[in-house]
Number of protein chains: 2
Amino acid sequence: VEVSQIGEFGLIERLRGKITDKGGNVVVGIGDDAAAFGIRAGSCVLATCDAQIEGVHFLRQNASPKDIGRKAVAINISDIAAMGGRPTFMLVCLGLPPGTDVEFVDELYAGFCAECELYGVRILGGNMARLPERISIDVFLLGEGEKERLLLRSGAGAGELILASGWLGDSAAGLYLLTHPESDVPAEARERLTRAHITPTPRLAEGGLLARLGKVTSAIDVSDGLVSDIGHICRESNVGAEIWEGHIPISDAAQKLASAAGLDPMHMALYGGEDYELVFTVKEKDFPEVARALAAQSGLPFTVIGRITRPEKGLRVIREDGEESHAGSTGWDHFKKTP
Amino acid sequence: VEVSQIGEFGLIERLRGKITDKGGNVVVGIGDDAAAFGIRAGSCVLATCDAQIEGVHFLRQNASPKDIGRKAVAINISDIAAMGGRPTFMLVCLGLPPGTDVEFVDELYAGFCAECELYGVRILGGNMARLPERISIDVFLLGEGEKERLLLRSGAGAGELILASGWLGDSAAGLYLLTHPESDVPAEARERLTRAHITPTPRLAEGGLLARLGKVTSAIDVSDGLVSDIGHICRESNVGAEIWEGHIPISDAAQKLASAAGLDPMHMALYGGEDYELVFTVKEKDFPEVARALAAQSGLPFTVIGRITRPEKGLRVIREDGEESHAGSTGWDHFKKTP
């Protein structure tokens, strides 16, 4: 059955029964001109949006519709995690070719719902429109956070340490494997890398922990690529940064894929993006306390990967021999603050 | 200059300087992982989204980029108006072909900003992605409202009167004129009708007034078409309705276009949609008070256009001779509540 056969309202009706839009602070759920909800006294509302477009962000042959739905939600939850907040409500604008199978939309929503359930998010509404050529998913995610404890991009200071959660480059390695399935890597490595790309895990618990610690001076999630994302911190904090290649956490799986395919694993880690790890800065004096808290309360490794510098130093990647590397591809100039 | 030449970040940088994202309750504006804002104590947050897609909702030859931007915002403000709320913050997801002129995007944003300024909305963020074939604009609009005074679709009761603001059918007439410019109508009529279609006016002040009056039992804005939208009220309130053709407010301009083009003006008013007028219900005993307040505080005409009935009567359009008309095209069956 195609979407065109049951129509917009038929599709909405079909999906509405599967979605939990009541409870919590919901005042008005799906089915009115707008949704309405309350927030806890003292909290502020967080709002973010991010898109997944067929052929641009995903290929239907590489991921199930459910996983496409999960990722569309996960990448937005990652933004709320990077603010130290808690995701609450979601709206979704779908663009669909009229010939899309209704079962595809069902599974896409099953993915939205599964990911939302995992992180306590309610779907409160959305919109569907005809988009003839490809599927487009615009997720609009709301959250809550403590005003005084939000993790911003703008608080980093020279001399502070840069930390990263988990591993960098797995997602880029996974994308390579999806487009080059013939690459000779062990099954577990293939599974780990492709999952990292197809259904990334937002570091929500870790973001909340960092916000509660109150020692993080800036934070971001790795979506565009480590160097580019640290560039955002530099731009918003008006600082420079050096990233230490020898310290970048690269998984054995990514190393194996890089060896098998003749790729540079460091390049995937620095520029690949879509890892959705948290990158954040702490004062050196606070590092022991932060490291202890993270070790006690998170199952993830956290690694010091560099240091914030004065702004005139720019954003530099430092090789293990002390030389600057990849300087031409940092894109730092494009992020300069406009006067 | 094309979008592809300055890139995503170049474009964001270019637009950011033109947008006011500070002040009011804004805690974090554009440039972080998510925006953050506070709300007034006792208020609840409203959230809605609606799309405008090139070739589906608009044609570039029919409207300036600025007007396309204005309408994308206005139709969302209309949803907040239909809830009796006040719009506050907006995020926008743009899909753009890489060959789009940067000047087009500038003008689109100028339209966003102009409409936002008119209604007190701040743009707090968004997202841009490559969409090869056409421009897509997904607006996410947030607002505030008093929990106890929201205008819902779900409160209508049998016997109540149905009222509409303004005029119905102007937008459909305007769309016809845009696609049939040779139609012989006076210049003022052409101007009025095409403006109604290209830059509709959300009835925000009127929605706020109705919410404060506290006498409105249900409300919606006319986007899908009068009959279809009253159908939404019927569905959410579990009632039926009769719409009185002889009472539908149709402008002289729409009458003139219909005569000149050999169209049925009533059909445009009932099924055309995109008028963004408010349609709402009041108990008959409250009608005099509501009518007086509207006459005193709004420059718009308000017209009684029908009556809510028991659900088993369904949704019916009644001609001046008392017969049912257009019964086959109400689409009422498709809106039946699922068991």
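How many disulfides does a search of the whole structure find over all chains? The count is 0, and the model being searched is a predicted one.

**View 1. Cysteine B:C93 and the sulfur closest to it.** B:C93 takes part in no disulfide. Its nearest cysteine sulfur belongs to A:C49, and that one sits 3.5 Å away. A pair of cysteine sulfurs has to be within 2.5 Å to count as a disulfide, so 3.5 Å doesn't make the cut. As for solvent, B:C93 has a relative accessibility of 1%, so it goes down as buried.

**View 2. Another cysteine of chain B, B:C234.** Here the relative accessible area is 1%, so B:C234 is buried.

**View 3. Glycine A:G166 in its loop.** Look for A:G166 in the stretch of chain A that links β7 (161-165) to α4 (170-179). Its relative accessibility is 0%, so this glycine counts as buried. Who's around it, once neighbours within four places in sequence are set aside? A:G166 touches A:P249, A:E277, A:L300 and A:P301. For a sense of the fold, A:I305 is 139 residues away from A:G166 in sequence, yet their C-alphas are 12 Å apart in space.

**View 4. Helix α5 of chain A and what it packs on.** This helix covers residues 187-198, 12 in total. From first C-alpha to last it reaches 16 Å, close to the 16 Å expected at 1.5 Å a residue. Its buried residues are A:A189, A:L193, A:T194, A:A196, A:H197 and A:I198. Those buried residues of α5 pack against three helices of chain A: α2 (65-81), α4 and α8 (252-261).

Terms used: Residues are numbered from 1 along each chain as its sequence is written. Chains are lettered from A and ligands numbered from 1 in the order in which they are written. This is a predicted model: local features need pLDDT of at least 70, side-chain atom pairs count only at pLDDT 80 or more; totals for chains, interfaces and linings use all residues. Side-chain values use heavy atoms; hydrogens and water are left out. Buried means under 20% relative accessible area, exposed over 50%, partly exposed in between (1.4 Å probe, protein chains only). Helices (H or I, at least four residues) and strands (E, at least two) are DSSP runs, numbered from the N terminus. Contact means heavy atoms within 4.5 Å. The expected span of a helix is 1.5 Å times one less than its number of residues.
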